[in-house]
Amino acid sequence: MDNPMILYRGTLKSCNYHCSYCPFARRPMGKRELEQDRLQWEQFVQRLLENADSYFNTSIPARAVMVVPYGEALIHPWYWKGLGMLSAHPQTDAVGAQTNLSFPIESSLALYQQAGGDLAKLRLWATFHPEMITAEAFAGACSRLLEAGVTLCAGAVGKPGNLEQIRRLRQALPKEIYLWINRMDGLDRTYTQEEVD
C-alpha cells in the first residue's frame, strides 16, 4: 500500500495478556470504560463511512485504516464489526489491526464477514508473546488465518531470553509470513553480536 493510512488509537488501554515487560496488562478496564471505547470506535467508523469522499478521494487519499491500540482490541466484537463495515466500502483498500491473536479465529472472522467484511482486505500485525503462548500454537493461529485468506505478518519483542522461542517460531511459521523483531525497550545493555545475528 503506497497511499497514506488512517491510524486509529482509541481509549483502549488494556490487554488480556499479562507479559512481564508490558504496561497495558497491568491496567484492566471496567465495563464503563469498555463501553466508552465501543461507542468511540463506532462513532469513528460511522463518521469515516459518512465522509468517505473526504478521506478516500482527496489528492493524497488514505485508503487504509489500521487499529493500533495500547492493548488488545480484537478480543472485543465491536472492532471486528467496524473493520468489516470499513472494508466493505469500495474505496477502502485495506483494514487491519495490531493483535496478539488471542481472539477466537472462526467466530471473529464470521463477525467481520457478517458486517460485509472482505477477507482479502484484512491485514493483521500479529505479535508473538512467548510468556503467554508457545511458538507452535502462535504459528498455528497464523496458518489458520492465512488459509482463510487473511494477509498478516508476525513479530516479537527481541528479549534476549526469548531468542530460542523466536527461532522456533520462524521455523514453525509458513515461509510466506514475514517475521520482524522489535528492539526491546528498557534493555539496559546493547545486544551482543550473537543476539544480533
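**Figure 1. Helices α5 and α6 cross in the predicted model.** In this predicted model, the axes of α5 and α6 come within 9 Å and cross at roughly 35°. The crossing in which α5 passes α6 is right-handed. On the side of α5, the residues that take part are A135, E136, F138 and A139, and these meet Q165, R168, L169 and A172 in α6. Sorted by class, the contact of α5 with α6 holds five nonpolar residues, one polar residue and two charged residues. Two packed helices are described by the angle between their axes and the distance between the axes.

**Figure 2. Helix α4 crosses helix α5.** Helix α4 covers residues 105-114 and helix α5 covers residues 135-147. Their axes come within 11 Å, with a crossing angle of roughly 35°. The crossing of α4 and α5 is right-handed. Helix α4 contributes I105, E106 and L109 to the contact, while α5 contributes A141, R144 and L145. Four nonpolar and two charged residues make up the contact of α4 with α5, and no polar residue takes part.

**Figure 3. L101 occupies the loop between β3 and α4.** The loop that holds L101 lies between strand β3 (94-99) and α4. Phi of L101 is near 65°, which is a positive value in a residue other than glycine. Is L101 buried or exposed? Its relative accessible area is 7%, under the 20% limit, so L101 is buried.

**Figure 4. T127 and its contacts in strand β4.** T127 belongs to strand β4, which covers residues 122-128. Because its relative accessible area is 8%, under the 20% limit, T127 counts as buried. Which residues are in contact with T127 when its neighbours within four places in sequence are left aside? They are Q98, T99, N100, F138, G155 and W180. One of these, F138, also appears in Figure 1, where F138 is among the residues of α5 that meet α6.

**Figure 5. T151 in strand β5.** Strand β5, made of residues 151-157, contains T151. With a relative accessible area of 40%, T151 is partly exposed. Apart from residues up to four places away in sequence, T151 touches L122, R123 and L124. T151 and K121 are 30 residues apart in sequence, yet their C-alpha atoms are 7.9 Å apart in space.

**Figure 6. S87 in helix α3.** Helix α3 runs over residues 77-88 and includes S87. The relative accessible area of S87 is 1%, under the 20% limit, and therefore S87 is buried. Not counting residues up to four places away in sequence, S87 touches T92, V95, Y112, G116, G117, D118 and K121. K121 has also been named in Figure 5, as the residue placed 7.9 Å from T151, C-alpha to C-alpha.

**Figure 7. D93 in the loop between α3 and β3.** The loop between α3 and β3 contains D93. D93 counts as partly exposed, at 35% relative accessibility. How far is the C-alpha atom of D93 separated from that of V196? The separation is 35 Å, and the two residues are 103 residues apart along the chain.

**Figure 8. M184 in the loop between β6 and α7.** M184 is located in the loop that lies between β6 and α7. At 14% relative accessibility, which is under the 20% limit, M184 counts as buried. Leaving aside neighbours within four places in sequence, the residues in contact with M184 are V157, G158, K159, P160 and Y191. M184 and Q171 are 13 residues apart in sequence and 22 Å apart in space, C-alpha to C-alpha.

**Figure 9. The second largest pocket and its lining.** The volume of the second largest pocket is about 280 Å³. Which elements give two or more residues to its lining? These elements are α6 (163-172), β6 (179-182) and α7 (193-196). The lining consists of G158, L163, I166, R167, I181, N182, R183, Y191, E194, E195, V196 and D197. By class, these lining residues divide into five nonpolar, two polar and five charged. G158 and Y191 of this lining are also among the residues in contact with M184 in Figure 8, and V196 is the residue whose C-alpha atom is separated from that of D93 by 35 Å in Figure 7.

Terms used
Residues numbered from 1 in each chain as written. Predicted model: local features only at pLDDT ≥ 70, side-chain atom pairs only at ≥ 80, totals over all residues. Heavy atoms only, no water. 1 Å grid on protein atoms, 1.4 Å probe; cavity = no way out; pocket = protein on both sides within 12 Å on 5 of 7 lines; lining within 4 Å. Points joined across faces, edges and corners; volume = space filled by probe spheres on them. Helix = DSSP H or I, 4+ residues; strand = E, 2+ residues; numbered from the N terminus. Nonpolar A, V, L, I, M, F, W, Y, C, P; charged D, E, K, R; others polar. Axes fitted to C-alpha atoms, helices over the stretch in contact; angles between N-to-C directions. Left-handed = near helix turned anticlockwise from the far one by under 90°. Contact = heavy atoms within 4.5 Å. Buried < 20%, exposed > 50% of the residue type's maximum accessible area, 1.4 Å probe, protein only.
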